[in-house]
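Trainee: Hi, I have a new structure to look at and could use some company. Can you walk me through it?

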Amino acid sequence: MAENGEHNSSSGENIQAFDFKGNAADKSRTGGWLPAAFILGIEFCERLTTLGITVNLVTYLVNTMHLPSAQSANIVTNFLGTSFILSLFGGFLADTFLGRYSTIAIFATIQSLGVGILTVFTTLPQLTPPPCSPNGHCKEPNGLQLLIFYLSLYLIALGTGGLKSSISGFGSDQFDENDQKERSQMNNFFNRFFFCISIGSLLAVTVLVYIEDNVGRSWGYGLCASCMVVAIGIFLGGTKMYRFKKPTGSPLTQIAQVCVSAWRNRKLNLPADVGQLYEDHKTCLSHKRIPHTDQFRCLDRAAIVELSVEESCYASPWRLCTVSKVEEVKQIIRMMPIWATTIMFWTIYAQMVTFSVAQASHMERGIGNFEIPPGSLTVFFVGAILVTIALYDRIIMSLARRWTGHQQGFTALQRIGFGLAMSCLAMVAAAVTESKRLTVARAHGLLDKPNSIVPISVFVLIPQFVLVGSGEAFIYAGQLDFFIRESPEGMKTMSTGLFLSTLSLGFFLSSLLVSIVNLVTTRNSHQGWLTNNLNRGRLNNFYWLVALMSLLNFIIYLMFSKWYTYKDTRVVKHLNMQLTKSKSTKAAEKEKEYRQETRAS
């Protein structure tokens, strides 16, 4: 498409947006709300599909596929982790080769294919194990059945990752940042983007889960596949109305260039005067200049000049980098401690869509004659997100603004801190609730009846869902704000990747933690904490362990957040230092002139 043909334009360097033919975009015919609505539609269907499959997958794996609880939980978290980590791969392709439009079209098709295969898989009885025998013997799926299942699941993960990497960026491309009116519309686009995600989530955990449990999974998954196909058709139909931007290259390449250049120059001595390090001249300036900092001096070797000024402009970026590029990489490194300490929240989030759903399936879920599907309990989680956002925007922000003086009420790091604290409390609530459930099961003689319903209301699980949901409202907004604002100007496309990678690693950490706990606690013929029979297991101990890890992580986060200095603050300090230095220099010059005049007289 135009994203790959923009180089044909002789004036392409000065044009910010193009139409599908590669010509300069006509604002009256391209961009705006109509094409943005097509993009929102495909995001809505992606969210409906991914969450609709995820929140109810554990019960399907345990009850229909006859897989162990711990393995089922790991399948779900590995699927989610892979989906988010593949967003980095999708972002790299979009930034370097394909462009956002082509990336969305290709990966949405891949996701649709995966959902289609999953629909067929759940429709044909030959592809699933037979029901359990009356004596309780359950046959696990064979190799072919698992192969088809994993193929469908990871095609969905691949498609989801590619979509997430580009969908919000391509939507924002439909508005001109330099136009005051369109900039305002862009802000509204992100609000509606989150609204579509929320509505898709609500429909997934209510309507879609109900269809899967009461009508049939093949009907639920078929509905998802149909929605994706329709959304892709509408998206492609709007091709002539979109604004395109050419790929600008991946920030990962720049990071690699700085690291390789610093390694190649590792034997060179750093100059005493940082002014001798290489920086762009006007003839080869491509990045906004960033002041030098003294942290991570080893990376400064990437900017050591061994060539003439003329040769430096054309030197390989794998041999010589500008100070500005080096400083951008340093800024990414400064953000890493904050990035690392937010991973734990998503490990806790993973428990809400795995073990908490498994808990719900063994508790009383009836309201009159209606029985709530276990996966639909996450509606309290989604509802807590929406209520918290509304309260924060309408009440909390204005009150906090008076107290802190900050425009957003609380800083990004403070909001992340609130989210981490709430997730820790959620695990404490989950552990207490599970202990209570086990006590009731023991009192009614249900310890050796794994498929029995424990006479305790499922609504006692609400606190843990609400706490994690409210925590996500804080940490989601805080992380996005932090990574977008603090990422260097030349690496803005990496901000989404940094955020999504914390989700990915959080899910993978959950899988690793479950595997380790299962391995350690099942030794010496013990059933273990995470056994198939939850009534004989010690899921409450697992929750206490996660709560302790969360508390330690929160303490470490507080240390790093106190150490961190915001980018704007560093710039102000640098300007103040420059001003002080300038004043000192002028004062020294005046004093020198005065002494010379005194000597002359």
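Mentor: Happy to; we will go from the whole chain down to single residues, and please keep in mind that this is a predicted model.

Trainee: Good to know. What does the secondary structure of the chain come to?

Mentor: The chain has 19 helices and 4 strands.

Trainee: And how many of its residues count as buried?

Mentor: Of the 601 residues, 51% count as buried. The chain exposes about 28,400 Å², and carbon and sulfur atoms supply 61% of that area.

Trainee: What about contacts along the chain, how far apart in sequence are the residues they join?

Mentor: Taking contacts between residues at least 6 apart in sequence, 81% join residues at least 24 apart.

Trainee: Is there an example I can look at? Say, which residue is 8.5 Å from Leu-534 in space?

Mentor: That is Leu-438, with the distance taken C-alpha to C-alpha, and the two are 96 residues apart in sequence. Leu-534 lies in the loop between α17 (494–521) and α18.

Trainee: A loop residue, then. Is Leu-534 buried or exposed?

Mentor: Leu-534 counts as buried because its relative accessibility is 5%. Leaving aside neighbours within four places in sequence, Leu-534 is in contact with Ala-358, Gln-359, His-362, Glu-434, Arg-437, Leu-438 and Leu-539.

Trainee: Let's switch to disulfides. How many does a search of the whole structure find?

Mentor: The search finds 1 disulfide. Cys-132 and Cys-138 form it, with their sulfur atoms 1.8 Å apart. In general, a disulfide is a covalent bond between the sulfur atoms of two cysteines.

Trainee: Which hand does the disulfide of Cys-132 and Cys-138 have, and why?

Mentor: It is right-handed, because the torsion about the S-S bond of Cys-132 and Cys-138 is about 110°.

Trainee: And where do those two cysteines sit, buried or exposed?

Mentor: In between: Cys-132 is partly exposed, with a relative accessible area of 36%, and Cys-138 is partly exposed at 33%.

Trainee: I also spotted Cys-259. Why is there no bond from Cys-259 to Cys-298?

Mentor: The closest cysteine sulfur to that of Cys-259 is in Cys-298, but it is 8.8 Å away, so it is too far for a bond. Disulfide sulfurs have to be within 2.5 Å. Cys-259 is partly exposed, at 38% relative accessibility, whereas Cys-424 is buried at 13%.

Trainee: Now charges. How many salt bridges are there?

Mentor: The count comes to 13 salt bridges. Side chains of opposite charge can pair when their charged atoms come close. One to look at is Glu-212 with Arg-217, at 3.8 Å from N to O, and both of those residues are buried.

Trainee: Which residues are linked in a network of salt bridges?

Mentor: Arg-297, Asp-300, Glu-327, Lys-330 and Arg-334 are linked that way. Within the network, Glu-327 meets Lys-330 at 3.1 Å, N to O, and Glu-327 also meets Arg-334 at 3.9 Å.

Trainee: Where do Glu-327 and Lys-330 lie?

Mentor: Both lie in helix α11 (residues 323–341), 3 residues apart, which is about one turn of the helix.

Trainee: Are these charged residues buried or exposed?

Mentor: Glu-327 counts as buried because its relative accessibility is 4%, and Lys-330 is buried at 0%. Arg-334 is buried as well.

Trainee: What about a polar residue in a helix? Where does Thr-77 lie?

Mentor: Thr-77 lies in helix α4 (residues 69–98). At 1% relative accessibility, Thr-77 is buried.

Trainee: What lies 3.2 Å from a polar atom of the Thr-77 side chain?

Mentor: The backbone oxygen of Asn-74. Setting aside neighbours within four places in sequence, Thr-77 is in contact with Ala-350, Thr-354, Phe-507, Ser-510 and Ser-511.

Trainee: Last topic, the outside. Which residues make the nonpolar surface patch of about 480 Å²?

Mentor: Leu-548, Leu-551, Leu-552, Ile-555 and Met-559 make it. Leu-548 is found in helix α18 (residues 539–563).

Trainee: And how accessible is Leu-548?

Mentor: Leu-548 is partly exposed, with a relative accessible area of 48%. It falls short of counting as exposed because that takes over 50%.

Conventions
Residues are numbered from 1 along each chain as its sequence is written. This is a predicted model: local features need pLDDT of at least 70, side-chain atom pairs count only at pLDDT 80 or more; totals for chains, interfaces and linings use all residues. Side-chain values use heavy atoms; hydrogens and water are left out. Patches are made of residues with over 30% relative accessible area and no salt bridge: like charges are joined within 9 Å, nonpolar side chains (Val, Leu, Ile, Met, Phe, Trp, Tyr) within 5 Å. Accessible areas come from the Shrake-Rupley method with a 1.4 Å probe; for residues, only the protein chains shown count as cover. A salt bridge is a side-chain nitrogen of Lys or Arg within 4 Å of a carboxyl oxygen of Asp or Glu. Helices (H or I, at least four residues) and strands (E, at least two) are DSSP runs, numbered from the N terminus. Buried means under 20% relative accessible area, exposed over 50%, partly exposed in between (1.4 Å probe, protein chains only). A polar contact is a pair of N or O atoms within 3.5 Å; within protein, one must be able to donate a hydrogen and the other to accept it, and residues adjacent in sequence count only if both atoms are side-chain atoms. Contact means heavy atoms within 4.5 Å.
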